[in-house]
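Reader: I'm new to reading protein models. Could you walk me through this one, a question at a time?

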Amino acid sequence: MLELIYYKNHIKREVDMCGIVGYVGEKSALDILLEGLTNLEYRGYDSAGIAVNVDGKVELYKAEGKLQNLKDLTSEQREHIIRSKIGIGHIRWATHGAPTTINAHPHSCNCGRVAVVHNGIIENYKELRAKLEKEGCVFRSQTDTETVAHLVAKKYAETKDLTEAVRLATMEIEGAYALAVIHQDVKNTIVATRRNAPLLVGIGEGEFYIASDVPAIIQYTKTAMYLDDNQIVTLTPKTMKLIDINNNELPQKIETLPWEPVALSKMGYKHFMLKEIHEQPDVVRNVLGGKLRTIDENIILNEVTLNKDSLKHLGRIQIVACGTSLHAAMVGKYIIEELCGIAVDVEPSSEYIYRTTVGDEKTLVIGVSQSGETADTITAVRQAKARGSHILIITNRPDSTMAREAGSLVPVNAGIEVSVAATKSYMAQVISFYLLAIYIAEIKQSASKDELQKIKRELILLPQKLEKVLSHKEDVQSCARKFSNSKDFIFIARGINFPTALEGALKLKEISYINATGYTAGELKHGPIAMLDESMPVLAILMKGKVYDKILSNAEEARARNARMIALTNSEDSKLNELFESIIRIPDVDETLSPVLAIVPLQLLAYYIAEFLGKDVDQPRNLAKSVTVE
């Protein structure tokens with residue numbers, strides 16, 4: 001058997017997705033692969049591995065757990081491995097097969113000559129596996145990816161052409177995939193392809209890189225080519241050839257990458273999450289820049305292409321999103337309905353795609369995604385597009401799959417977000433919804449000029465107010481220390497801050513693993529109040545405005561059941577001191593804009609509680625940054 005496999009922590013026990021990197025050129029591949037995986041570790045960390053060709057033999061190095069385990073493994077044989085000038089690597093968030101070394105990527109065939117890394121899900125892998133086993137293939141893992149390795153090996157044995165073998169294999173594969181393949185007998189060659197999963201080629205001098213996301217390669221090159229669905233690229237140190245699945249050669253669309261390597265530095269902060277929370281004032285400035293010039297000028301959204309007449313006669317808006325983006329969408333619903341008078345439905349993408357939905361050419365469908373690669377949301381917008389609806393995408397990645405599906409685009413300009421728990425991208429999405437709502441309202445003339453100018457003025461002042469929140473964190477830290485041992489947590493709010501309560505609870509759940517739940521304050525007495533006792537913290541978001549007194553009353557109901565009360569407020573009301581055990585105050589802000597300021601203390605609260613508990617803040621268990629499978 002020619003394949004050499006090195007395992008660390010090899011324990012036999014019982015899905016695949018996240019980060020891919022590859023290199024072919026004149027440099028040693030090892031450090032490039034490991035550095036690329038380091039910059040993709042925010043996307044997954046169940047296991048990691050690389051495949052290299054050393055002295056004419058494909059060798060696999062794999063380790064379960066954090067990437068450091070793979071680094072330790074490869075360091076033991078560094079002088080041997082660094083001779084390789086070609087390799088592929090993968091960092092995994094499991095979808096098929098438990099997160100063990102045997103299931104880690106890369107995967108190989110029985111002969112050991114082929115190595116494959118894969119993001120996505122092979123939907124028909126069971127049928128393919130059964131067929132291949134009948135033909136003599138012996139499977140070692142429980143993954144769907146291993147079927148690809150065996151299938152490519154079989155096709156190569158028939159064709160003696162690696163590109164053709166990959167092409168023929170993908171014609172039998174159903175599902176989503178980004179694949180990178182090397183073969184022992186095809187020296188200095190990587191073949192890569194994708195369908196419904198992101199993949200790009202970085203272009204250097206006498207070298208090429210493969211990556212599932214920009215951070216993996218940005219320190220080496222700023223020139224790249226994004227693969228479209230069913231395209232296959234063949235790379236050698238000197239050549240790049242692009243074909244479609246029907247073997248037609250295609251023109252190459254070379255682009256400049258938008259990211260700076262400094263974005264991947266913690267810049268002195270202990271965690272990326274804390275750094276990204278502190279970047280939010282500048283994120284707001286970036287989102288507003290060029291779109292909101294003065295309060296007297298109309299909002300400028302150059303990449304919204306839906307004509308004004310269509311916007312005036314919109315019958316309905318549907319917003320689809322997942323996770324944190326869903327909460328941003330809920331804020332968007334409030335502000336659009338308030339300013340534009342258009343009915344807005346907000347729904348998780350994962351629900352939208354599995355039911356009968358109503359949409360037509362008078363429906364605007366807005367997809368929201370930090371990465372622009374969220375599988376459920378991509379499917380949702382494609383379904384809506386097929387019904388004739390105009391698609392508008394709000395995303396941090398204008399180079400993403402979702403952005404390429406869009407008729408209109410609102411790029412949020414938040415920069416690379418490394419921490420799995422989204423903070424600055426949420427902020428950017430929320431601000432983008434305010435701009436979009438004002439933009440539509442100005443076209444429809446559905447809100448008064450004075451009202452819109454007031455909101456614009458508040459938007460311009462927000463960065464300064466956010467900086468003030470971030471410079472006075474003592475109340476948040478004190479509260480976090482006091483409640484860090486809580487087993488459960490309740491967040492309550494009303495109106496436009498109900499999504500803030502949901503997002504605050506989600507942040508706490510994600511990184512501290514405390515069972516936190518957000519409720520509309522009025523619903524507390526319709527069931528959840530049964531959970532209240534002296535051990536239950538209840539955080540009330542009390543912003544001055546039309547629902548202030550109602551939420552205060554709900555807080556009093558909770559206090560009467562001995563709950564431990566926390567207030568997040570912009571009010572100086574002295575009676576709050578008697579009702580609440582802890583009070584976190586933010587600068588005064590109009591109720592309409594209050595979600596922007598209110599979320600920051602909740603992000604910090606989650607961060608400090610998780611830190612006090614010793615949790616892995618940037619890489620919480622079981623989570624990946626971008627969920628590219630349904």
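Reader: What does the pLDDT average over the protein?

Author: Keep in mind that this is a predicted model, so each residue comes with a confidence score. Here 93% of the residues score at least 70. Over the protein, pLDDT averages 89.

Reader: Over which residues does pLDDT stay under 50?

Author: There are a couple of stretches to watch. Where pLDDT is low, the predicted coordinates should not be read in detail. So, although the model has 57 contacts beyond four places in sequence for one stretch and 33 for another, treat both with care. The stretches are residues 7-17 and residues 625-630.

Reader: In what order do the strands of the open five-stranded sheet come?

Author: The sheet is open and its strands pair in parallel. From one strand to the next, the twist averages 20°. Reading across, the order is E22-E21-E23-E24-E25.

Reader: Which strands stand at the edges of that sheet?

Author: Look for strands with a single partner, because one side of such a strand is left without a neighbour in the sheet. That fits residues 515-520 and residues 582-585. These edge strands are E22 and E25.

Reader: Which residue in E22 stands opposite Ile 492?

Author: Start with strand E21, which covers residues 488-493. Six bridges join E21 to E22, and the two run parallel. Opposite Ile 492, in E22, stands Tyr 519.

Reader: At about what angle to E23 does helix H20 run?

Author: Let's take another helix along the way: H18, residues 548-560, lies across E21, E23 and E24 and runs at about 170° to E23. Helix H20, residues 594-612, lies across E21, E23, E24 and E25. Its angle to E23 is about 160°.

Reader: How far apart, centre to centre, are the rings of Tyr 23 and Tyr 209?

Author: A search of the whole structure finds five aromatic pairs, and Tyr 23 with Tyr 209 is one. A pair of aromatic rings is described by the distance of the centres and the angle of the planes. The planes of Tyr 23 and Tyr 209 are 50° apart, which makes the pair tilted, and centre to centre the distance is 5.2 Å.

Reader: How many residues apart in sequence are the parts that this pair ties together?

Author: Tyr 23 lies in strand E2 and Tyr 209 in strand E11. So the pair ties together parts that are apart in sequence by 186 residues.

Reader: Is Tyr 209 buried or exposed?

Author: Buried means under 20% relative accessible area. Tyr 23 has 0%, and Tyr 209 has 1%. With that value under the cut-off, Tyr 209 is buried.

Technical notes. Residues numbered from 1 in each chain as written. Predicted model: local features only at pLDDT ≥ 70, side-chain atom pairs only at ≥ 80, totals over all residues. Heavy atoms only, no water. Pairing = 2+ DSSP bridges. Helix = DSSP H or I, 4+ residues; strand = E, 2+ residues; numbered from the N terminus. Axes fitted to C-alpha atoms, helices over the stretch in contact; angles between N-to-C directions. Contact = heavy atoms within 4.5 Å. pLDDT = per-residue confidence, 0-100. Phe/Tyr/Trp six-rings, centres within 6.5 Å; stacked < 30°, edge-to-face > 60°. Buried < 20%, exposed > 50% of the residue type's maximum accessible area, 1.4 Å probe, protein only.
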